[in-house]
Amino acid sequence: MIAIEQRFPRPSVMGIVNVTPDSFSDGGVNVDPDAAAATARRQLAEGAAIVDVGGESTRPGAAPVSLDEELRRVLPVLERLQGEVPVSIDTAKAEVARRALALGAELVNDVTALRGDPDLAGVVADTGAYLCLMHMQGEPRTMQEDPRYDDVAADVARFLEERLSFAVDAGIAEERIALDPGIGFGKTVEHNLELIRRLDVLLALGRPVLVGVSRKSSLRALTGADDLLPASVAAAVAAYERGATILRVHDVKEHVEALTVASAIA
Ligand code: 9MG
């Protein structure tokens, strides 16, 4: 068995392909399956280790989508990428994961950390897929209303430790699991900054950490900029320097270049 840290050496870049009309910042551009597949192929050519294909928006305020709609969005993209581009499926639904893994996806990126669908853990265990367990306080529709923590890094670590035990008890090999603090998922700007600053608290759980901060609203709050690329790259490098293994990003080329330099210096 190839452990997730062997498959994704530090730093690895995960490209984002949102097949949705309304995601964090690229809403709509990849709704057409040919456009989505072209984005994924370009990201691979630019140095992404894997591309994360998702059909349900998780932006603050987003409403859930039905199983049929999510399948309708992602399956044509996965069919086009099969055998060509390494794929992660961004879903909380067991049936979407099952169909995606059958089409060659190798990682399940579940923002609910196996709380959304009771059958998802079994699908991951049976297929031996890689898994990312992410922290989220609340649900996308309401999560930014009034997020509160006693100690954000300790609270998020406690949650991820519990979800990691749950996954392992369900038969998923620990070596195949990465953890994610869930930047922007039920967190203020200061919570997000503290989670990156204190990434060591999550690393103490002994699993590789994935961080997704690309084009998120905290960066706009900090910079006031419309173009969030420089801020995204800075945040990704800061996360990498504090121990992150996988960086989930929209702008693959720029992040790969920056992380290549940061890792050469490290
Ligand atoms: C789907 N999605 C949106 N943001 C994300 C993040 O920060 N991490 C992970 N794992 N998935 C995300």
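1. How far does a polar side-chain atom of Asn-109 lie from a nitrogen atom of the ligand? The distance is 2.7 Å. This is a predicted model, and that should be kept in mind for every point below.

2. Start with the ligand. Asn-109 is not alone beside the ligand: 13 residues surround the ligand, and those that come nearest are Asp-90, Asn-109, Asp-180, Gly-212 and Lys-216. By type, the shell splits into six nonpolar, three polar and four charged residues.

3. Two further polar pairs deserve a look. The side chain of Lys-216 places an N or O atom 2.7 Å from an oxygen atom of the ligand. Gly-212 uses its backbone instead: a polar backbone atom there is 3.1 Å from an oxygen atom of the ligand. On its own, the ligand has 310 Å² of accessible area, and the protein covers 99% of that.

4. Now the chain as a whole. Its secondary structure amounts to 11 helices and eight strands. Along the principal axes, the C-alpha atoms fill a box of roughly 40 × 40 × 40 Å. The radius of gyration is 17 Å; this agrees with a compact globule, because a globule of 266 residues would have a value near 18 Å.

5. Burial and contacts come next. Of the 266 residues, 55% count as buried. The accessible surface of the chain is about 10900 Å², and carbon and sulfur atoms hold 51% of it. Take the contacts with a separation of 6 or more: 70% of them join residues 24 or more positions apart.

6. Arg-207 is worth a stop. Its place is the loop between helix H8 (199–203) and strand E7 (210–211). Is Arg-207 buried or exposed? Arg-207 counts as buried, because its relative accessibility is 8% and the cut-off for buried is under 20%.

7. The side chain of Arg-207 has two backbone partners to check. A polar atom of this side chain lies 3.0 Å from the backbone oxygen of Glu-174. For the backbone oxygen of Glu-175, the distance to a polar atom of the Arg-207 side chain is 3.4 Å. Beyond its neighbours within four places in sequence, Arg-207 is in contact with several residues, including Ile-4, Glu-5, Leu-164 and Arg-176. Ile-177 and Leu-179 are also among them.

8. Leu-199 lies in helix H8. Its relative accessibility is 0%, so Leu-199 counts as buried. Which residues is Leu-199 in contact with, leaving aside its neighbours within four places in sequence? They are Pro-181, Val-209, Val-211, Ala-239, Arg-242, Gly-243 and Ala-244. As for Leu-179, a contact of Arg-207, Leu-199 is 20 residues from Leu-179 in sequence and 11 Å away in space, C-alpha to C-alpha.

9. Thr-245 sits in another loop to inspect, the one between helix H10 (229–241) and strand E8 (246–249). With 8% relative accessibility, Thr-245 counts as buried. Outside its neighbours within four places in sequence, Thr-245 is in contact with Phe-8, Pro-9, Arg-10, Pro-11 and Ser-12, and also with Pro-208 and Val-209. Val-209 appears among the contacts of Leu-199 too.

10. To recap for a first viewing: begin at the ligand, with Asn-109, Gly-212 and Lys-216. Then turn to the buried residues Arg-207, Leu-199 and Thr-245.

Definitions and conventions: Residues numbered from 1 in each chain as written. Predicted model: local features only at pLDDT ≥ 70, side-chain atom pairs only at ≥ 80, totals over all residues. Heavy atoms only, no water. Near = heavy atom within 4 Å. Polar contact = N/O pair within 3.5 Å; in protein donor to acceptor, adjacent residues only side chain to side chain. Areas by Shrake-Rupley, 256 points an atom, 1.4 Å probe, with all protein chains shown as cover. Nonpolar A, V, L, I, M, F, W, Y, C, P; charged D, E, K, R; others polar. Helix = DSSP H or I, 4+ residues; strand = E, 2+ residues; numbered from the N terminus. Rg over C-alpha atoms; globule rule 2.2 N^0.38 Å. Buried < 20%, exposed > 50% of the residue type's maximum accessible area, 1.4 Å probe, protein only. Contact = heavy atoms within 4.5 Å.
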